[in-house]
Amino acid sequence: MASSDEEITHHFRFFHEYKDGRVVIHRPPVEKIPPSDDPVTGVRSKDAVISSEPAVSVRIFIPKSADSTQKLPLLFYIHGGGFCMQSAFSVQYHDFLNTFVAKANVIAVSVEYGLFPTRPIPACYEDSWAALQWVASHSNRNGPEPWLNDYADFQRVFIAGNSAGGNISHTLAVRVGSIGLPGVKVIGVVLLHPYFGGTDDDRMWLHMCPTNGGLEDPRLKPAAGDLARLGCERVLIFVAEKDHLMDVGKRYYEELKKSGWGGSVEIVENLGEEHCFHLFNLKYDKAVAVIDKFVSFVIQDR
């Protein structure tokens, strides 16, 4: 007779959990690659440790043109993966940001945050906020990372993320608008196929966040007051026609417009496409269009 510990007590889109608390993620761990000097684009990257306990780190990308006499906009990026998968160091996200930095001529900082089940939600939010504060600590030009001291324009900062990373990006913009980020001006936020509540995945998020506030938790269902105080001037939202999250992305757009927030928001629908399709083939014409729109949003005030 099978042990009762082998009984599956919870089954969700990305993982299942046994009675004894073991969690099995449905996809294999991603391959992680080291930072590098890209011979094609000339983009250089390096990793920096922000905290060892809890473990929080970032990958920093600078373009070939980086010159300390001309400061560059800074993109703070948060990867997706359902709060339980993926990495800032995966091939997928490394290549995406390498491509973006080469096209936009900006600095990018991609955060490696804690994932369920090792570190349940809200670790992802707290780690990402800690990383953003670490970035801001360089605004007086004497932080621990020379690339940020030398090359970053802290008056032109952007926050962006896809899927779960889009959800986290929203929470960071709310914090910036609520309590500020000294030395930094966040110009814009980009949400690529973001995750919010309103789908079958709600139960999964609630399970990953033992301290959740239920279906009305503002991290799951953005509150009108939070939307009204987003700490940026512009927001760009991408939704995909064949994505089960398309409607929640559109709802975010509509709720933000009527919240009383004083900024400008734009939504782009990727017709005929699946969730985060742009990450799987960066040379696909519609993926190129997403990246180009993202780039133009970041550099339009230059």
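## Strand 10 inside the main sheet

A residue is called buried when its relative accessible area is under 20%, and this cut-off is the one to keep in mind while reading about strand 10 of this predicted model. In a regular strand the side chains alternate between the two faces of the sheet. Strand 10 can be read with that pattern in mind: R234, L236, F238 and A240 point one way, V235, I237 and V239 point the other way, and all of these residues are buried. Strand 10 is therefore described as mostly covered, since seven of its seven residues fall under the 20% limit for being buried.

Strand 10 has a partner on either side, and both pairings are parallel: five bridges join strand 9 to strand 10, while seven bridges join strand 10 to strand 11. Individual residues can be matched across these pairings, for L192 stands opposite F238 in strand 10, and V239 has E269 in strand 11 as its bridge partner.

## The sheet as a whole

Strand 10 belongs to an open sheet of eight strands, whose order is 4-5-7-6-8-9-10-11 and whose pairing is mixed. Strand 4, which covers residues 44-52, and strand 11 stand at the edges with a single partner strand each, so one side of each is left without a neighbour in the sheet. Neighbouring strands are turned against each other by 20° on average when direction is ignored. Elsewhere in the order, strand 6 and strand 7 (residues 107-112) run parallel and are joined by five bridges, and within this pairing F76 has V109 in strand 7 as its bridge partner.

## Helices that pack on the sheet

Helix 7, made of residues 246-257, packs on the sheet and touches strand 9, strand 10 and strand 11, with a direction that makes about 160° with that of strand 11. Together, strand 10, helix 7 and strand 11 make a right-handed β-α-β unit.

Helix 8 also packs on the sheet, where it touches strand 6, strand 8, strand 9, strand 10 and strand 11, and its direction makes about 170° with that of strand 10. This helix runs over residues 285-299, and its 15 residues reach 21 Å from the first C-alpha to the last, which is close to the 21 Å expected at 1.5 Å a residue. Which residues of helix 8 are buried? They are A287, V290, I291, F294, V295, F297 and V298. Seen down the axis of helix 8, these buried residues fall within an arc of 160°, so they line one face of the helix. An α-helix has 3.6 residues a turn, so residues three or four places apart point the same way. The elements against which the buried residues of helix 8 pack include helix 1 (91-104) as well as strand 6 (72-78) and strand 8 (152-162).

## A smaller group of strands

Another open sheet has three strands in the order 1-2-3, and its pairing is antiparallel. Its edge strands are strand 1 (8-11) and strand 3 (23-25), each of which pairs on one side only, and the twist from one strand to the next averages 20°. Three bridges join strand 2 (residues 15-18) to strand 3, and F15 has I25 in strand 3 as its bridge partner.

## A buried histidine in a loop

H79 is found in the loop between strand 6 and helix 1. Is H79 buried or exposed? H79 is buried, with a relative accessible area of 0%. Leaving aside its neighbours within four places in sequence, H79 is in contact with several residues, among them M85, Y93, V111, E112, N162 and G165.

Note on methods. Residues are numbered from 1 along each chain as its sequence is written. This is a predicted model: local features need pLDDT of at least 70, side-chain atom pairs count only at pLDDT 80 or more; totals for chains, interfaces and linings use all residues. Side-chain values use heavy atoms; hydrogens and water are left out. Helices (H or I, at least four residues) and strands (E, at least two) are DSSP runs, numbered from the N terminus. The expected span of a helix is 1.5 Å times one less than its number of residues. Buried means under 20% relative accessible area, exposed over 50%, partly exposed in between (1.4 Å probe, protein chains only). The arc is that of the directions from the helix axis to the C-beta atoms. Contact means heavy atoms within 4.5 Å. Two strands pair if DSSP finds at least two bridges between them. Axes are lines fitted to C-alpha atoms, for helices over the stretch in contact, and angles run from 0 to 180 degrees between N-to-C directions. A crossover is right-handed if, with the strands pointing away from the viewer, the path from the first strand over the helix to the second runs clockwise.
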